[in-house]
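Trainee: Got a minute to go through a fold with me? I'd like to start from the whole chain and then look at how the pieces pack.
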Amino acid sequence: MDAFEELRKEHSEIMRLVSLMKHTVAHLRANQELPEQFVQDMLDFITGFADKCHHGKEEKVLFPLLKSRQLSQGDLDLIDQLLEDHAQGRSFVAAMKESFKLYQNGDSGAVSELADNMESYANLLPGHIKKEAVFFKHIQSLLTPKELALHDEKCEKIEKELGEHEHFLELMDRMRATAMDLFPVN
Ligand SMILES: [Fe+2]
Ligand SMILES: [Fe+2]
């Protein structure tokens, strides 16, 4: 496995999610009616694919590997920024889950909070991914073949342990198909 290539592919999938979320936010604000299964699927995808798997590889493998070697202060600061983005993303997701639960318990007003947090998440991720795209290219040229091989091996282990990669790729396909019915997706 080329772990950097895999992380880039995952960024594309996460950008697909961002696109679905933007359409969902517009839908929620226009309708105040919530497509429950679709929202549940998005929350599952964010938790299992974006957070546990993708951010897990970055936080448990790549960033510790980088911090164990000599890096410029600029690079170290950027890693801290990326970690802050992850933490901020997690707080938006926690808030989304909370509003969704309230809605399911009969609080229809929770829809607007759900839309706000979804919008914040969808606004955060593209910038985060852009920063990582530039940073990963730079890092790949710094790491030794041995470090790259170790990174590949450890990322593959995480993916195997979680064991749901294919499931989430299929879920994304299904969500994109569902979205065609709910609202037009580009
Ligand atoms: Fe990240
Ligand atoms: Fe990433």
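Mentor: We'll go from the overall fold to the helix pairs, and keep in mind that this is a predicted model.

Trainee: How many helices and strands are in the protein chain?

Mentor: The chain has six helices and zero strands. Along the sequence the pattern reads α-α-α-α-α-α.

Trainee: What does the C-alpha trace span along its principal axes?

Mentor: About 55 × 30 × 30 Å.

Trainee: And what radius of gyration does the protein chain have, against that of a compact globule?

Mentor: The chain has 18 Å. A compact globule with 186 residues would have a value near 16 Å, so the two agree.

Trainee: On to packing. What do I need to describe two packed helices?

Mentor: Two things: the angle between their axes and the distance between the axes.

Trainee: Try H1 and H4, then. At what angle do their axes cross?

Mentor: Roughly 160°, and the axes come within 9 Å. H1 covers residues 3–31 and H4 covers residues 110–142. Angles over 145 degrees count as roughly antiparallel, and H1 and H4 are therefore roughly antiparallel to each other. H1 passes H4 in a left-handed crossing.

Trainee: Which residues make the contact?

Mentor: From H1, they include Phe 4, Leu 7, His 11, Ile 14, Val 18 and Leu 28. From H4, they include Leu 114, Met 118, Ala 122, Leu 125, Ile 129 and Phe 136. By class, the contact residues are 18 nonpolar, three polar and three charged.

Trainee: Why do numbers like 7, 11, 14 and 18 turn up on H1?

Mentor: Think of the helical turn. An α-helix has 3.6 residues a turn, so residues three or four places apart point the same way.

Trainee: Does H1 have another partner? How does H1 pack with H2?

Mentor: H2 is residues 36–67, and the two helices pack at about 150° with their axes 11 Å apart. H1 and H2 are therefore roughly antiparallel to each other. Their crossing is left-handed. Leu 7, Ile 14 and Met 21 are among the H1 residues there, and they meet a set in H2 that includes Phe 45, Ile 46 and Phe 49. The contact has 10 nonpolar, one polar and three charged residues.

Trainee: Now H2 and H5. Is that crossing left-handed or right-handed?

Mentor: Right-handed. The angle is about 150° and the axes are 10 Å apart, so H2 and H5 are roughly antiparallel to each other. H2 brings residues including Cys 53, Lys 57, Lys 60 and Leu 65, while H5 brings residues including Glu 147, Leu 150, Cys 155 and Ile 158. This contact divides into eight nonpolar, two polar and six charged residues.

Trainee: How far apart are the end C-alpha atoms of H5?

Mentor: They are 26 Å apart. H5 has 18 residues, 145–162, and at 1.5 Å a residue it should span 26 Å, so the figures agree.

Trainee: Last one: what follows H5?

Mentor: Gly 163, whose phi is positive, near 65°.

Notes:
Residues numbered from 1 in each chain as written. Chains lettered and ligands numbered in written order. Predicted model: local features only at pLDDT ≥ 70, side-chain atom pairs only at ≥ 80, totals over all residues. Axes fitted to C-alpha atoms, helices over the stretch in contact; angles between N-to-C directions. Helix = DSSP H or I, 4+ residues; strand = E, 2+ residues; numbered from the N terminus. Parallel < 35°, antiparallel > 145°, perpendicular 65-115°, else oblique. Left-handed = near helix turned anticlockwise from the far one by under 90°. Contact = placed C-beta atoms within 7 Å. Nonpolar A, V, L, I, M, F, W, Y, C, P; charged D, E, K, R; others polar. Expected span 1.5 Å × (residues − 1). Rg over C-alpha atoms; globule rule 2.2 N^0.38 Å.
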